[in-house]
Every structure is written in C-alpha cells, then in structure tokens.
Amino acid sequence: MAPTTVKHVKAAPKAKPAAVSGDHQGFIRAVGRRKSAIARVRLYLKGKGDITINGKKLSVYFPQQLLQDTILEPLPLVGLGDAVDVTVKVVGGGIMGQAEAIRLGLVRALVEHNIEWRPTMRKMGWLTRDARVKERKKPGLKRARRAPQWQKR
C-alpha cells in the first residue's frame, strides 16, 4: 500500500456579511446619474426636512421652483416630506441633469429603506436611469450627424 499524503488546502476566506450602506452611521447612501451628472445622496431617516446640496440649501442651489419640485417629488408620495434630512454631493452636467440625478439617488435610497415603495416608484418612472447622453462628434462631420453643406460650385 502506498503511503497517504495529506495535502494542506488553504481555507477559503470567510465572506463578509453584506451590510446596508451607511446603516451604522444612521443614513442610507445611494448614487444617481443622468447624462454626465453624478449625485451621491445620503438619506438621514431621523431629520427635520433639511435638504443640502454641495453644502448649500436646496433653494439656494436650485432657485427655480421646477428643479426643486423635480427633486422633492418622491418625498410627499411616501409621506416623508419633513421626516428626513438629505445631503447631496453632485458634480458634472447641467442643472436639469443634476436635479434628475439627485431624484434618482433619492428614490434609490428610499427604496432601500422600504422595499414596499418600489412598485410605486417604478410606476412613476423614477427608478429607471435615463441613459440618453449626447452623441459624440464624428470625423468629417460638423456635429454627430450634421454633414457639411453640399456645394455644386
């Protein structure tokens, strides 16, 4: 009989438990994107209704009521208008792209807090990331598809 040899097999590393993002800090973290705007949203569940964007109040950063309404649409729908604080860091894009990126991040954080709100948010169309971006300029053309004007002479 041949002697048996024992091979030492390295034990697989233990998997870390998946933690809810920001759970131990008292907030829920989410990211929203639109065109070239990226918004990193923190949703504090115990709050007074303060919304801060890049260190400024919502009404200062977005003075237009349309943009404020775009961002705040999801909160009254779930009954959390004045019950949560939101802080956002947003970079890139224009003002409308930033507002829609913030709304997507906020909706993702709300759904992470309560999964039962997901069908409502899906029905409103807020959970779908709008992937439309400006098409790149092609060589030989003036813009993405605009060809130079044809001249007979």
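Which residue forms a salt bridge with E100? R34 does, with the closest N and O atoms 2.8 Å apart.

The structure is a predicted model, in which local features need pLDDT of at least 70, side-chain atom pairs count only at pLDDT 80 or more, and totals for chains, interfaces and linings use all residues. Residues are numbered from 1 along each chain as its sequence is written, and side-chain values use heavy atoms, with hydrogens and water left out.

**View 1. Salt bridge between E100 and R34.** A salt bridge is a side-chain nitrogen of Lys or Arg within 4 Å of a carboxyl oxygen of Asp or Glu. The pair links distant parts of the chain, with E100 in helix 4 and R34 in strand 1, 66 residues apart. Helices (H or I, at least four residues) and strands (E, at least two) are DSSP runs, numbered from the N terminus. R34 is buried, at a relative accessible area of 9%; buried means under 20%, exposed over 50% and partly exposed in between (1.4 Å probe, protein chains only).

**View 2. Salt bridges of R132 and E135.** The side chains of R132 and D130 meet at 2.8 Å, N to O. R132 is exposed, with a relative accessible area of 57%, whereas D130 is partly exposed at 24%. E135 forms a salt bridge with K138, the closest N and O atoms being 2.7 Å apart. Salt bridges that share partners join R34, E100, D130 and R132 into one network. The whole structure holds six salt bridges.

**View 3. Surroundings of I71 in helix 2 (residues 65-72).** I71 is buried, with a relative accessible area of 1%. Leaving aside neighbours within four places in sequence, the contacts of I71 (heavy atoms within 4.5 Å) are I53, L58, F62, A99, I102, R103 and L106. The C-alpha atoms of I71 and L104 are separated by 8.6 Å, and the two residues are 33 apart along the chain.

**View 4. Loop residues K35 and N54 with positive phi.** K35, which is not a glycine, has a phi of about 50° and lies in the loop between strand 1 (27-34) and strand 2 (37-44). N54 also has a positive phi, near 50°, in the loop between strand 3 (51-53) and strand 4 (56-57). Most residues other than glycine have a negative phi. N54 is partly exposed, with a relative accessible area of 32%.
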